[in-house]
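This report is meant to be read beside the model, with the sequence and the 3D view open together. It takes the sheets in turn, then a helix pair, some single residues and the ligand.

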Amino acid sequence: MARHIYVHNPFCARKCPYCDFYSVTDASLTKAFYKAAIRETELAGPVISGTAGTNPVADIDNRDTVYFGGGTPSVPDSRFVCSLLDSVVKAFGVASDAEITIEVNPSSVSEEKLADYVQAGFNRISAGVQSLDDKVLKTLGRLHDSKGAVDALEKIRKAGFENISADLMTGVPGETPEGIRRDIDVFRDLGVKHISTYSLMLEEGTSFFDRYGKTIEELVPPEIEREMYHGTREYLQELGYETYEISNSALPGYRSIHNSSYWNSCEYFAVGAGSHGYIGDVRYGHKDDLSAYIDEMNKITPEEYKAFLEGNMKDMKSLYVEEILTREDKMREVPFLRLRTSEGILLDEFRKMFGVEFEDVFGQAVKRNIGNGLLERKERTLRLTRSGLDLANKVIEDFL
Ligand code: SF4
């Protein structure tokens, strides 16, 4: 069984007004954070080596993955990031053919940093472009303009990255379907193999929520937002990008193996303040508290860490248990995770995992959603229809 490791790098140059991911803009704890994260990998490596393989789901691509997300991993000095990757690879015994991703922002990436990432072993890169329209970028409060984004993508390619992903935000006030298509054309011409398209969400606690919470439906009517979503998806398909998950499209051979592991209920280990993992039956997290994380990782003993991961410890200063999953919980997670994917729920896989037919457990919900035209059965799979895609959350809730 492959190992999947997520590393949260909780530093950003500036907080974007729509973002609710955990990150800080004060860089004073950078060195202390990376030292603590290296200690965490050293504590966790031996534990996860012993538990990987307990997950009953076969991975689609049985390769190890490491994902450096954030925050913005390209903000800190690349020496910190690369030392942490070195520690992760050694501590977890990551295979030499692993998919190793780093997220970067156009405003903080440089030729020197990119050369260091390649040298350290990163072989996939995800650029937070969001748009190539300067007005949209301004609305989103991004630090780069479209020229900066194109320059960054060119530098990424020149540095030797071939597996390149870029993020695109849809449903932003002032954005147009034509503009999105133009952005996609530019991405394609610059060698971008994977495109993540996220609809702008207004999360409580963000400044966008205060600014647009009451007016977003006037600025971007839901039918326009949906038209943009479907239009984008169709255009990507025309260009050969397969939409393999609600928000993710890739040219053949370039799906994100790391993200696919989440949708396949695979175990994944988490490093860093604000990160979340899943080992055995335990979904766990690290609190959104950088100081608590540093303090805990400097003090925790290997025995305490192991006991925590095995579900035998109460919450600590930074580490906490989110949920201990029962067999029923794991069954419910299958529609929750798999209905986001283009393949949908694999009925034979479900039977292999749990020893029962999916419809013996969820028969009512299946019947109701097929009847409403939101779900369709194709041989031994169940997936969302086009209308189901628009009401994905409602369909998924029906299975919970
Ligand atoms: S750069 Fe990314 S992680 Fe940082 S605040 Fe902006 S959207 Fe959030």
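## Strand 1 and the sheets

Strand 1 and strand 9 run parallel and are joined by 3 bridges, and within this pairing Ile5 stands opposite Phe269 in strand 9. The model is a predicted one. Strand 1 (residues 4–9) also pairs with strand 2 (residues 65–70), again in the parallel sense and over 6 bridges, and here the bridge partner of Ile5 in strand 2 is Val66. How many of the 6 residues of strand 1 are buried? The count is 6 of the 6, so strand 1 is largely enclosed by the rest of the structure. Its two faces are both covered, since His4, Tyr6 and His8 on one side and Ile5, Val7 and Asn9 on the other are all buried.

These pairings belong to an open sheet of 9 strands with mixed pairing, in which the order of the strands is 7-8-6-5-4-3-2-1-9. At the edges of this sheet stand strand 7 (242–245) and strand 9 (269–271), and because each has a single partner strand, one side of each is left without a neighbour in the sheet. From one strand to the next the twist averages 20°. At the strand 7 edge, the pairing with strand 8 (residues 248–250) is antiparallel and extends over 3 bridges, with Glu245 standing opposite Asn248 in strand 8.

Another open sheet is formed by 3 strands in the order 10-11-12, and its pairing is antiparallel. Strand 10 (276–279) and strand 12 (319–324) are the edge strands here, each with a single partner strand, so that one side of each is left without a neighbour in the sheet. The twist in this sheet averages 25° from one strand to the next. Strand 10 runs antiparallel to strand 11 (residues 282–286) and is joined to it by 4 bridges, one pair of bridge partners being Gly277 and Tyr284 in strand 11. Helix 12 (residues 302–309) lies across strand 10, strand 11 and strand 12, and it runs at about 20° to strand 12.

## A pair of helices

Helix 2 (residues 78–92) packs with helix 3 (residues 111–120) at an angle of about 10°, and their axes are 10 Å apart. With angles under 35 degrees counting as roughly parallel, helix 2 and helix 3 are therefore roughly parallel to each other. From helix 2, Ser78, Val81, Cys82 and Leu85 meet Lys113, Asp116, Tyr117 and Ala120 in helix 3. The residues of this contact divide into 5 nonpolar, 1 polar and 2 charged.

## Three single residues

The table sets out the accessibility of three residues that are then described one by one.

| Residue | Relative accessible area | Class |
|---|---|---|
| Phe161 | 3% | buried |
| Thr197 | 8% | buried |
| Val321 | 21% | partly exposed |

Phe161 lies in the loop between helix 5 (146–158) and strand 5 (163–170). Leaving aside neighbours within four places in sequence, Phe161 is in contact with Leu114, Tyr117, Val118, Phe122, Asn123, Arg124, Ile125 and Ile156. Between the C-alpha atoms of Phe161 and Gly371, which are 210 residues apart along the chain, the separation is 46 Å.

Thr197 is found in strand 6 (residues 194–199). When its neighbours within four places in sequence are left aside, Thr197 is in contact with Leu168, Thr232, Leu236 and Ser247.

Val321 has its place in strand 12. Beyond its neighbours within four places in sequence, Val321 is in contact with Val282, Arg283, Tyr284, Phe308, Met313 and Asp315. Val321 and Lys352 are 31 residues apart in sequence, and their C-alpha atoms are 28 Å apart in space.

## Around the ligand

Which residues surround the ligand? They are Cys12, Arg14, Lys15, Cys16, Tyr18, Cys19, Gly71, Thr72, Asn105 and Arg142. By type, the residues of this shell divide into 4 nonpolar, 3 polar and 3 charged.

Terms used
Residues numbered from 1 in each chain as written. Predicted model: local features only at pLDDT ≥ 70, side-chain atom pairs only at ≥ 80, totals over all residues. Heavy atoms only, no water. Buried < 20%, exposed > 50% of the residue type's maximum accessible area, 1.4 Å probe, protein only. Contact = heavy atoms within 4.5 Å. Near = heavy atom within 4 Å. Nonpolar A, V, L, I, M, F, W, Y, C, P; charged D, E, K, R; others polar. Pairing = 2+ DSSP bridges. Axes fitted to C-alpha atoms, helices over the stretch in contact; angles between N-to-C directions. Parallel < 35°, antiparallel > 145°, perpendicular 65-115°, else oblique.
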